[in-house]
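Take a moment with the model below. We will start from a single pair of side chains and work outward from there.

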Amino acid sequence: MITQPAFDLIFRNALLRSSAAPVDIGVKGGRIAAIAPKLACEAVEVDVGGHLALPGFVDTHIHLDKACLLDRCGHDHGSLGDAIRAVSAMKRDFTVEDVYARGAKVLERAIVHGTTHMRTHVEIDPRIGLRSFEAVKALKRDYAWALDLSLCVFPQEGLTNDPGAEELLVRALRDGGETIGGCPYTDTDPTAHVARIFDLAQEFDVDVDLHLDFDLDPSWWHLDEVCRQTERRNYHGRVAIGHATKLSALPPERMKAATAQLARAGVAVTVLPATDLYLMGREATHNAPRGLTLAHKLAGDGVVCSVATNNVLNPFTPFGDASLLRMANFYANVAHASVGDFDTCLDLVTELPARLMNLDDYGIKVGNPADLIVLDTQDSRFAIAELPDVMMGFKEGRQTFARQRPTLFRPGA
Ligand SMILES: O=c1cc[nH]c(=O)[nH]1
């Protein structure tokens with residue numbers, strides 16, 4: 001009789017955030033089958049060497065369709081409006097192949113930086129039609145070996161004011177759109193925009209992820225309407241808002257009320273620090289006012305939050321390498337995070353965005369897919385501060401990348 005090995009693969013000596021000492025992780029059929037201090041059986045082995053193993057970063061908000069446009073967009077961008085107009089003019093010339101190539105470049109960077117789950121927003125409107133959507137669908141298929149890509153279709157330039165946009169959105173939702181986004185502040189009727197997005201979300205039974213309240217004027221906003229619609233439609237836990245920088249301009253009492261409102265409605269908040277700080281305050285002649293919603297504080301008060309990359313090398317953010325660890329470090333730097341907040345900052349790119357995206361089988365737990373990454377650090381508390389290399393990644397137990405340690409050429413060695 002041939003005895004089957006209990007595991008196909010064992011990760012030896014992996015430090016988990018939840019364990020005081022390194023453990024072994026047994027994998028069978030692509031799923032985690034056991035976690036124990038020492039697994040005594042034969043299998044292919046990967047020596048993690050006491051380094052930190054995490055379940056992979058979760059990027060809830062990126063725009064693959066308009067990444068890597070620096071060579072086409074001129075040198076002088078400024079405000080949010082400028083960025084939207086610049087891409088609006090360019091996208092008429094986007095082809096499926098062009099969007100695919102730019103998106104692939106960013107996806108490959110994200111993979112080697114340890115991202116295992118990602119939600120890309122993709123613009124759907126009469127200027128671009130469904131070309132970008134076709135490209136990101138192909139990217140989802142072609143990179144499924146390394147990363148779960150989820151598609152959020154959205155009308156960047158408005159809905160009620162843009163004839164033809166809704167019909168295209170409906171076609172995208174019938175053909176693989178997994179979440180519906182929106183951008184009420186570009187619509188001539190923001191309230192109707194929000195209501196229509198929720199109508200479509202309910203019709204297609206998909207979650208909602210809106211660009212919202214992206215400035216520093218707290219005298220008006222769309223947050224109340226979004227929370228109202230969420231509660232009215234029983235969409236608790238299925239709605240996220242990105243940017244929401246107006247929250248950072250609220251005095252403490254109003255912030256307390258807004259936090260309670262978000263927690264009650266189950267509306268999640270995604271902070272996009274690179275874009276938020278790049279685009280705001282552009283009209284100012286001096287003391288350029290910029291703000292950032294404090295995701296780690298909101299998270300402490302029961303609001304599901306994430307930090308995400310958003311835009312990479314385009315007029316919205318002419319920087320970036322799709323590294324979520326670097327983005328979390330950037331966020332922690334500019335958001336007044338103290339050493340005691342660093343653990344929560346790591347949650348903002350792992351556990352919390354997994355909740356935002358309702359990923360039921362996320363995490364290094366028995367029964368879950370063996371999706372994990374290994375960081376070159378032995379202390380999870382300081383991963384955000386240290387910016388360690390992500391040394392290797394696995395999806396369902398299959399290795400997706402390895403990063404070589406740099407070699408020092410010491411004289412005389
Ligand atoms: O940051 C932003 C805001 C609106 N639309 C985008 O694509 N990015």
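Lys395 and Asp148 form a salt bridge, with their closest N and O atoms 3.1 Å apart. Lys395 sits in strand β15, while Asp148 belongs to strand β8, which covers residues 148-154. The pair therefore ties together parts that are 247 residues apart in sequence. Keep in mind that this is a predicted model. Across the whole structure, a search finds 32 salt bridges.

Now step back to the chain. Two domains divide it. Domain 1 is made of two stretches, 2-55 and 363-402. Domain 2 runs over 57-356. Taken over C-alpha atoms, the centres of domain 1 and domain 2 are 31 Å apart. The contact draws 19 residues from domain 1 and 25 residues from domain 2.

How much area is buried between domain 1 and domain 2? The figure is about 1,900 Å², and carbon and sulfur atoms give 66% of that area. On the domain 1 side, three residues lose the most area to domain 2: Arg17, Ile384 and Lys395. Together they make up 34% of what that side buries.

Charge plays a part in the count too. Three salt bridges are found between domain 1 and domain 2. Arg17 takes part in a salt bridge of its own: its side chain meets that of Asp343, at 3.3 Å from N to O. Between the two domains there are also six residue pairs in polar contact, both residues being at pLDDT 80 or more.

Which elements give two or more residues to the side of domain 1 that touches domain 2? They are the strands β14 (372-375), β15 (390-395) and β16 (398-402), along with the helix α13 (383-386). By type, the residues on this side of domain 1 divide into 12 nonpolar, two polar and five charged.

Turn next to the ligand. The residues around it include three histidines, His63, His211 and His243. Leu80, Tyr185, Thr275, Asn311 and Phe316 are also among them. Lys66, Gln156 and Asn310 belong to the list as well, and each of these can be followed to an atom of the ligand. For Lys66, an N or O atom of the side chain is 2.4 Å from a ligand oxygen atom. The side chain of Asn310 also has an N or O atom beside a ligand oxygen, here at 2.9 Å. With Gln156, the partner is a nitrogen atom of the ligand, which lies 2.6 Å from a polar side-chain atom.

Definitions and conventions: Residues numbered from 1 in each chain as written. Predicted model: local features only at pLDDT ≥ 70, side-chain atom pairs only at ≥ 80, totals over all residues. Heavy atoms only, no water. Domains from an automatic or database assignment. Contact = heavy atoms within 4.5 Å. Buried area = accessible area lost by both parts, 1.4 Å probe. Salt bridge = Lys/Arg side-chain N within 4 Å of Asp/Glu carboxyl O. Polar contact = N/O pair within 3.5 Å; in protein donor to acceptor, adjacent residues only side chain to side chain. Helix = DSSP H or I, 4+ residues; strand = E, 2+ residues; numbered from the N terminus. Nonpolar A, V, L, I, M, F, W, Y, C, P; charged D, E, K, R; others polar. Near = heavy atom within 4 Å.
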